[in-house]
Amino acid sequence: YILSSSKGTLEKNDVALEPSETKTVKLSVDSKVLSQEEIISVTATSDGISDSSKTIITLENCYEAAVQIAPSTSQLCPSSSQEYTVTLENKGKLADTYTLTYGNNSETITLPRGGKKEWKFTEQLASDASGTRAITATAVSDHVSESASSTLRAKPKDGCFGVSLSNGKSA
């Protein structure tokens, strides 16, 4: 019999059978080419005789992650610093290996299902800082990519620094 499939790759494209004999042939399907639910048909044909079997495959996403960064907003004077906490949680059904990038740091970590880890880092504002900038944390694996960001606002210098002079005499 010549074997064919509507999707995927069969381990054998032909099989010889005796009367009443059955054989199992493995079908491999890359989940990246499947929709959420897919009907796959396998057909065996020989000398005008044909039979087919259909199966429904439901694709399940077993990977999910959550990234958080705190505080979500901060307002600082130039030359000041802010400590941030990044939390990465594996919310999927399987362990996963992530590359986490935050601040000027990058780290690769494997978290089990339900695993969670925190990192702390400090961002320093330059003495001439002005405006706003995003502080971002991103986790990437072979299966997911998640990001979170915080807004860091530089206060105007005149609201942060000042001087008061007095000659010591009262008027």
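Glu 123 is buried in this predicted model, because its relative accessibility is just 11% and the cut-off for buried is under 20%. So what does the side chain of Glu 123 meet in a salt bridge? Its partner is Arg 133, with 3.1 Å from N to O. Arg 133 sits in strand S12 (residues 131–140) and Glu 123 in strand S11, so this pair ties together parts that are 10 residues apart in sequence. Unlike buried Glu 123, Arg 133 is partly exposed, at 36% relative accessibility.

Why can such a pair form at all? Side chains of opposite charge can pair when their charged atoms come close.

Stay with strand S11, which spans residues 116–124, and you'll find Lys 117 there too. The side chain of Lys 117 forms a salt bridge with that of Glu 107, at 3.6 Å from N to O. Glu 107 belongs to strand S10 (residues 105–111), so here again the linked parts are 10 residues apart in sequence. Both ends are partly exposed: Lys 117 has a relative accessibility of 34%, and Glu 107 comes in at 26%.

Now let's move over to some loops. Lys 93 and Glu 60 join their side chains in a salt bridge, 2.2 Å from N to O. This pair links distant parts of the chain, 33 residues apart. Lys 93 is in the loop between strand S8 (81–90) and strand S9 (96–102), while Glu 60 is in the loop between strand S5 (49–58) and strand S6 (65–70). Lys 93 is partly exposed at 49%, and so is Glu 60 at 47%.

How many salt bridges does the count come to? The total is 4, including the pairs you've just visited.

Note on methods: Residues numbered from 1 in each chain as written. Predicted model: local features only at pLDDT ≥ 70, side-chain atom pairs only at ≥ 80, totals over all residues. Heavy atoms only, no water. Helix = DSSP H or I, 4+ residues; strand = E, 2+ residues; numbered from the N terminus. Buried < 20%, exposed > 50% of the residue type's maximum accessible area, 1.4 Å probe, protein only.
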